[in-house]
Amino acid sequence: YPYHLYNCYEVKHYYSIGESWGYNPFFLAGYPSGVTLDSDFLQLVCSLFPLSGQIVVIKIWVILILLSLPLLIYWSSLNFGFGKKISIISSLILLIYLYNDYFINTVIYYGMFNFILASGLSLFFLSLIFKYIQGGRKRILIPLFIFLPLFALVHSSVLLFFLIPLLILSFVYFKRLSLGGKLTILALASVVFLPVLLWVILPFYKQIAPYIIYKADHYLQIYDLREVLNDFYFSFKKNNFGIQYIKSFILLSGFLGILSLLKKSKLFFVFLIMFLFLFSVVYFHNIVIPLNFFANFQPYKFIIPLVFFSIIPAAYFIQILTKKNSNNYFNYFKRALFSLIAFFIIFNVIEIHSGQFPRYRLTVVPPANYLNLVEWAKKNTSPNERIMMESNLLMKEIFDKPSIVKGLFSKETKRELLTAPHNYSVLKHSFSSFTRKEIFGKRWDEINDEKLVSYLNLYNAGWIV
């Protein structure tokens, strides 16, 4: 996770000079960075440790997230009023999804683990608030008021998939809530907004927003109905071990479970609305005009909170199919399901500890190709000229493993780069980047040599990597 490591370095530097953000002169024509753009709880924690120990902190953080998610689903299920059986099935479904679905594994690999944590925490905190509405003890509110401000800093997307269901939940149970209860829910929503407004949104809007140009990012998008259908079969182009239908099974079972539960509790109107909303964002952002706004924010990633909102209803639906008075067919189905779950849990534990997944190691060794590139830059380039480094997702041509290493590369070589530290920058002066075979706003094969040389001279770029 070199990008996260570099962000931790930046945050620690800004804190050391009494600032929470700043302009980094090593990228583009000065790049606004720090907590206002890359705000999350992990970086705040990392800033408390020396640089040499931050990679260990990041690795431990990822492992803790993966260990905590089954517990969050289990506790959420209990808080929503389900018994231990359905709660255990919910956790097992999550484990299968977490370790065998291609997309969520890709998301973890590339570093969007805080987005996954935010999805799990959204459901858990929502379940606590539901328990309070149902007459739970007021002491439930204590952890909510303590942890919700930190929760808001885990990932900015919580404003979408926590506040929206919270507002729907409040509306559904509006008559049941006393005036004090209504004010409490309002206070809880404000607690989520407050740190984001003060820490991120206000300085972002004042200092950075005028320089942003939003344009749809081709990464993580679905463009037409054919791709919608393909995704349910191929699970976003690919899946491992032929397990292509885990996500599709969860979504279908979850939707049927929600429909079954609507008769039992008004709570599941919240689940139904969130299911339809997130499903529309994931699959119809380029098809339905009002949803085009979400095309700027890698909308396919919202499949993760969609699955999280589907898991508990899916467990309920499975329980209906496998209850004791069912015929022998469903009993065989139940045994086969739990055998499959046990197999994949054991298989993945062995696979993880066999060394195939370096993200689970607490220490890492930089790839040899990366170290060679750093040494080449130190010997063959000058700090008086910029290096234009291509921005792409995988960087497979250079590195042994997919990585976003531009931040660390600049830090270690002391060279200015004509690119942003992340692969996807929405700043206007990202025009000068070399991204996905586009350079200075044109396709690489469409710009003539004279124009290219004039731009390189204008931006004082001496090398292209």
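How many salt bridges does a search of the whole structure find? The exercises below start from that question. The model is predicted.

**Exercise 1. Find the salt bridge and place its partners.**

Step 1. The search of the whole structure returns 1 salt bridge.

Step 2. Its partners are the side chains of Glu-416 and Arg-386, at 3.5 Å from N to O. The pair joins distant parts of the chain, 30 residues apart.

Step 3. Place each partner. Glu-416 sits in the loop between helix H18 (406–413) and strand S4 (434–435), while Arg-386 belongs to strand S3 (residues 386–388).

Step 4. Classify the exposure. Arg-386 has a relative accessible area of 18%, so it is buried, because the cut-off for buried is under 20%. Glu-416 has 28%, so it is partly exposed.

**Exercise 2. Decide whether Ser-122 is buried or exposed, and describe its surroundings.**

Step 1. Locate the residue. Ser-122 is part of helix H7 (residues 113–133).

Step 2. Read the accessibility. The relative accessible area of Ser-122 is 1%, so the residue is buried.

Step 3. Look for a polar partner. A polar atom of the Ser-122 side chain lies 2.7 Å from the backbone oxygen of Ala-118.

Step 4. List the contacts, leaving out residues up to four places away in sequence. Ser-122 touches Phe-151, Phe-161 and Phe-162.

**Exercise 3. Classify Gly-441 and Ile-142 by exposure, then put each in its setting.**

Step 1. Take Gly-441. This residue is in the loop between strand S5 (438–439) and strand S6 (442–443). Its relative accessible area is 59%, so Gly-441 is exposed, because exposed means over 50%.

Step 2. Add a distance. Gly-441 and Ser-430 are 11 residues apart along the chain, and their C-alpha atoms are separated by 9.0 Å.

Step 3. Take Ile-142, in helix H8 (residues 141–152). With a relative accessible area of 51%, Ile-142 is exposed too.

Step 4. Find the company of Ile-142 on the surface. Ile-142 forms a nonpolar patch with Ile-146, Phe-147 and Leu-150. Together these residues have about 370 Å² of accessible area.

**Exercise 4. Summarise the whole chain.**

Step 1. Count the elements: 19 helices and 7 strands.

Step 2. Consider burial. The chain has 465 residues, and 52% of them count as buried.

Step 3. Consider the surface. The chain exposes about 22200 Å², with 65% of that supplied by carbon and sulfur atoms.

Step 4. Consider contact range. Take contacts between residues at least 6 apart in sequence: 72% of them join residues at least 24 apart.

Methods
Residues numbered from 1 in each chain as written. Predicted model: local features only at pLDDT ≥ 70, side-chain atom pairs only at ≥ 80, totals over all residues. Heavy atoms only, no water. Helix = DSSP H or I, 4+ residues; strand = E, 2+ residues; numbered from the N terminus. Buried < 20%, exposed > 50% of the residue type's maximum accessible area, 1.4 Å probe, protein only. Polar contact = N/O pair within 3.5 Å; in protein donor to acceptor, adjacent residues only side chain to side chain. Contact = heavy atoms within 4.5 Å. Areas by Shrake-Rupley, 256 points an atom, 1.4 Å probe, with all protein chains shown as cover. Patch = residues over 30% accessible without salt bridge, like charges linked within 9 Å, V, L, I, M, F, W, Y side chains within 5 Å. Salt bridge = Lys/Arg side-chain N within 4 Å of Asp/Glu carboxyl O.
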